[in-house]
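Me: I am new to this structure and should be grateful for a close look at a single part of it. Please place that part within the whole.

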Amino acid sequence: MEHRVRSPLSEGDVSKLSAGDIVWLSGVIYTARDKAHQRLGEVKFDLRGGVIYHCGPLIRDTTVVSAGPTSSVRLARYTPQVLDLGVRCIIGKGGMPGAAELMRGRAVYLAYPGGCGAAAARSLSVRGVCLSELGMAEAVWEFEATDLGPMVVAIDSHGRDLYREVRESAKKHLKR
């Protein structure tokens, strides 16, 4: 199924999304990588219902030049903190081991293909920045998204994790 959603997202918005669905997202999203996750409590933005994009964008003046996803696996440890701030959606690549149970009833993880930073940039405009002292790639950027996607619901709020399912399926086939 294909969905067009707008942030901020409600619990009802994320509960309609199932693993394997395609999503196009509009509205406000925030970037965050390693250093930003360590300081999310300091950001001036209200993250309730928000979207965190694991991304270190390239910005020239106020134009988004590239905004491809970064690997989420190293940021998975921050999932409880992020969800406690009210975030309803995390975007990245590569999955987030162990996050499915934490996200149950609360949030979704959208997989965005790596290598599409220039395509993503065409859907994003800068609204603001916080923690700019961390540098361009590590600062928390506030973007307005217009039909960002397509993205795949890789972890839904019902506990399904496509990455885990693929790993388990591969293990079964390798044992044969």
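Reply:

**His-37 in its setting**

Of the 176 residues of the protein, 51% count as buried, that is, under 20% relative accessible area with a 1.4 Å probe and protein chains only, where exposed means over 50% and partly exposed lies in between. This is a predicted model, in which local features need pLDDT of at least 70 and side-chain atom pairs count only at pLDDT 80 or more, while totals for chains, interfaces and linings use all residues. Residues are numbered from 1 along each chain as its sequence is written, and side-chain values use heavy atoms, with hydrogens and water left out.

His-37 is one of the buried residues, with a relative accessible area of 1%. His-37 lies in helix α2, which covers residues 34-38. The protein has six helices and nine strands (DSSP runs numbered from the N terminus: H or I of at least four residues for helices, E of at least two for strands).

Leaving aside neighbours within four places in sequence, His-37 is in contact (heavy atoms within 4.5 Å) with Ala-32, Ile-52, His-54, Leu-75, Tyr-78, Gln-81 and Val-82. Across the protein, residues 24 or more positions apart account for 61% of the contacts with a separation of 6 or more.

UniProt, in an unreviewed entry, lists residues 9-165 as "domain: Fe-S hydro-lyase tartrate dehydratase beta-type catalytic"; such annotations may be inferred rather than shown by experiment. Over residues 9-165 the chain is 19% helix and 32% strand, and the end C-alpha atoms are 26 Å apart. The C-alpha trace of the protein spans about 55 × 30 × 30 Å along its principal axes.
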